[in-house]
Amino acid sequence: EKTLHRPPFVELLKPYTEIHQALSQDNLEAVKGLTQNMKEKVEATLKEKLSQVQTKELKQLSAQLESLKESPSTSDMRIRFGNVSKELVTYFKSHKEEARGYQLFFCPMFPQGYAFWIQPQSTSLANPYWGKEMLTCGVKRPW
């Protein structure tokens, strides 16, 4: 059995960032494929040696990714991305040191659901909940 060298959620920040970028650029076609890629990474990680808590967290994340992939509309897709974000944010809030290089943002204008997201500190503010309509709407929040 292989043991993970890096915590499982750290490995998921890159595919998550790709979904975030696609949504913020209104590239909705790309979202489903990127979501499938991230879900496959989660499923592969679930085959590793994990704690019960990690297994539970990753299964919840996998279910949210499946829901995002099945979004019937753009507005649903944005809301369901919030549910994926919530799983990651919840994890990183209690493992702050693992989120090095990433920043937490909040959109005060998003009325439906969870309005936080994570993005690399090196990139410009890009709101995934509004896309190009309000790309720079967002407030940096502490972990």
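A disulfide, as I use the word today, is a pair of cysteine sulfur atoms within 2.5 Å. This is a predicted model, in which local features need pLDDT of at least 70 and side-chain atom pairs count only at pLDDT 80 or more, while totals for chains, interfaces and linings use all residues. Residues are numbered from 1 along each chain as its sequence is written, and side-chain values use heavy atoms, with hydrogens and water left out.

So how many disulfides does a search of the whole structure find? The search finds 0, because the sulfur of Cys107 has its closest cysteine sulfur in Cys137, 3.9 Å away, which is too far for a bond. Cys107 is buried, at 1% relative accessible area, and Cys137, at 16%, also counts as buried; buried means under 20% relative accessible area, exposed over 50%, and partly exposed in between, with a 1.4 Å probe and protein chains only.

Let me turn to the sheet, which is open and has 3 strands in the order β2-β1-β3, with antiparallel pairing. Strands here are DSSP runs of E with at least two residues, and helices are runs of H or I with at least four, numbered from the N terminus; two strands pair if DSSP finds at least two bridges between them. β2 (116-120) and β3 (139-141) stand at the edges with a single partner strand each, so one side of each has no neighbour in the sheet. Strand β1, residues 102-106, is joined to β2 by 5 bridges, and Leu104 has Ile118 as its bridge partner in β2.

Finally, Arg78 lies in helix α5, residues 74-93, and is buried at 9% relative accessible area.
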